[in-house]
Amino acid sequence: MSIDSVTPPSTRSDEIDLVELFQKLWQQKLLIIGCTLFVTLCAVVYTFVATPYYEVQSVLRPAPLKELDELNSTGVYQLTPEDALQRVGAALESYSTRAEFFRDNPELFAALPGVNRSLEQRFETFNTESFTLLQPDPKRTNNLSSFVGLKLVYPETLEGVEILNGIVQQAIIDERQRVALDMEGVVQNRLNKIERQMAAARASYEAQKEATIAKLSEDDKLQRAIYQDELRALRAELRTRRQNRIAQLDEAIVIAKSLGITKPTNPTSLSESNASLGDGNVFRAEVINQQFPLQFMGTEALEAERAALLKRRSDDHTEPKIALIQNKLQMLEHNRQVEMMQGRENEDLFLAKLSEMREEAARLRSINLDLDQLNLVRIDRPAVQPLKPVKPKKVFVLALGLVLGGMLGVFVALLRALLGHRGVQVL
């Protein structure tokens, strides 16, 4: 045995010669090609066996301002196109909108994958994984207009276009109904407020009317009391005057009887009658006062006046002021202003600002919008049937299969080469 033919294991190199390794891989090229073809074939089979998934999307943009003008012109509800778009976008994102469409159209979701689960459970998964809300990127400032959209990825077994367009229409209808309910609620609230204001105005008017009537009645009562007091005082004064007159007449009658005056006379006539009984050459002077004493009226006149005064039952005719007071008391018996106020048939005509409130209430009740035709948004891009599926991507799967097959073949070949190299070293 030659010394050079045996090399101790400790002195042999563990490194693999790359050229030798390449040669060994080349020797196994059929294996590498076979693995590559096998994996590629599996990829081809997968592309034909796997369920295709399609992608559709619908984009909504703000409606023209004229579409909302009739709603805004009512003056009770304001909705801008941007606000309407946001509301419809919120409805698109809402689970309740999609669930309502699912409950109304269960036949569209009958082919959802997941045999061992109920249809509701399959819809839950489908809703979570398949829908995506589309919105503008807030970081970008060059958006020409705002928009909102909904994207759906669905298997070939479903009518994705019909589902997506149906959900979009459902969101628009739901939001339109919410706007109608909001509008109805606002109008009703305003009508209720006006009714409360009208009731308050009527109550205030009734209180003011009652206060006015009470004030007028109290004033009349006070005036009647004053006039009645004045009338009683005046009558008492007249009665006192009559009694004083009777007393004066009594005195005058006594004096007249003592003087023997029975007929009305005057001091001159009385002197002449007395002088005829004495000396005829007597000069007499008479001073005429404004009023002769009562006794010169004679007992006949005095007694007649006294008798008339004693028979008198009322002195009212002797004082013109009494008739004036009685006239005023008669006028106070009926307050025409109070009677007119109490006899009003339509008191609403006298309420301040009631006509304005009635006009506003009539305007609110006349609002009759056909909100079923209200266009909250503009469907800029409805969902249409896609031309090709988004997955599986056949070219990508084939390329990936080819790459993975080649990598698997090389790996197996390297493994065989390494194992073969280790076996030679052991021998």
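Colleague: Hello! Is Arg-242 buried or exposed?
Modeller: Arg-242 has a relative accessible area of 14%. Buried means under 20% relative accessible area, exposed over 50% and partly exposed in between, with a 1.4 Å probe and protein chains only. Because 14% falls under the 20% cut-off, Arg-242 counts as buried.

Colleague: At what pLDDT do side-chain atom pairs count in this predicted model?
Modeller: Residues are numbered from 1 along each chain as its sequence is written, and side-chain values use heavy atoms, with hydrogens and water left out. This is a predicted model, in which totals for chains, interfaces and linings use all residues, local features need pLDDT of at least 70, and side-chain atom pairs count only at pLDDT 80 or more.

Colleague: Which residues does Arg-242 touch, not counting those up to four places away in sequence?
Modeller: Let's place Arg-242 before we look around: it lies in helix α7. Contact here means heavy atoms within 4.5 Å. Leaving aside residues up to four places away in sequence, Arg-242 touches Leu-309, Arg-312 and Asp-315.

Colleague: How many helices and strands are there in the protein?
Modeller: Helices (H or I, at least four residues) and strands (E, at least two) are DSSP runs, numbered from the N terminus. Counted that way, the protein has 13 helices and four strands.

Colleague: In what order do the strands form the open sheet?
Modeller: Two strands pair if DSSP finds at least two bridges between them. Eight bridges join β1 (residues 53–62) to β3 (residues 148–155), while four bridges join β1 to β4 (residues 377–381). The four strands form an open sheet with antiparallel pairing, in the order β2-β3-β1-β4.

Colleague: Which are the edge strands?
Modeller: An edge strand here pairs on one side only. In the order β2-β3-β1-β4, that description fits β2 (131–134) and β4.

Colleague: Which residue stands opposite Pro-62 in β4?
Modeller: β1 and β4 run antiparallel. Arg-61 stands opposite Arg-378 in β4. Pro-62 stands opposite Val-377.

Colleague: How many of the ten residues of strand β1 are buried?
Modeller: Strand β1 is largely enclosed by the rest of the structure. For the protein as a whole, 31% of the 427 residues count as buried. In β1, the number of buried residues out of ten is seven.

Colleague: At what angle does α4 run to β1?
Modeller: Axes are lines fitted to C-alpha atoms, for helices over the stretch in contact, and angles run from 0 to 180 degrees between N-to-C directions. Helix α4 lies across β1, β2, β3 and β4. Its angle to β1 is about 155 degrees.

Colleague: Which residues does Ala-84 touch, not counting residues up to four places away in sequence?
Modeller: Ala-84 is found in helix α4, and it counts as buried at 1% relative accessibility. With residues up to four places away in sequence set aside, Ala-84 touches Leu-68, Leu-79, Leu-376 and Val-377.

Colleague: How far apart are the C-alpha atoms of Ala-84 and Val-179?
Modeller: Along the chain, Ala-84 and Val-179 are 95 residues apart. In space, their C-alpha atoms are separated by 9.4 Å.

Colleague: At what angle do α4 and α7 pack?
Modeller: Here we compare α4 (residues 81–93) with α7 (residues 160–259), whose axes are 9 Å apart. Angles under 35 degrees count as roughly parallel, over 145 as roughly antiparallel, 65 to 115 as roughly perpendicular and the rest as oblique. The two helices pack at about 125 degrees. That makes α4, relative to α7, oblique, the angle being about 125 degrees.

Colleague: In which handedness does α7 pass α12?
Modeller: The axes of α7 and α12 (residues 354–365) are 10 Å apart, at an angle of about 160 degrees, and the helices are therefore roughly antiparallel. A crossing is left-handed if the near helix is turned anticlockwise from the far one by less than a right angle, and right-handed if clockwise. The crossing of α7 and α12 is left-handed.

Colleague: How many charged residues does the contact of α7 with α12 have?
Modeller: Ala, Val, Leu, Ile, Met, Phe, Trp, Tyr, Cys and Pro count as nonpolar, Asp, Glu, Lys and Arg as charged, and the others, Gly among them, as polar. Among the residues that meet are Arg-190 and Glu-195 in α7 and Arg-358 and Glu-360 in α12. The contact has nine nonpolar residues and one polar residue, and the number of charged ones is six.
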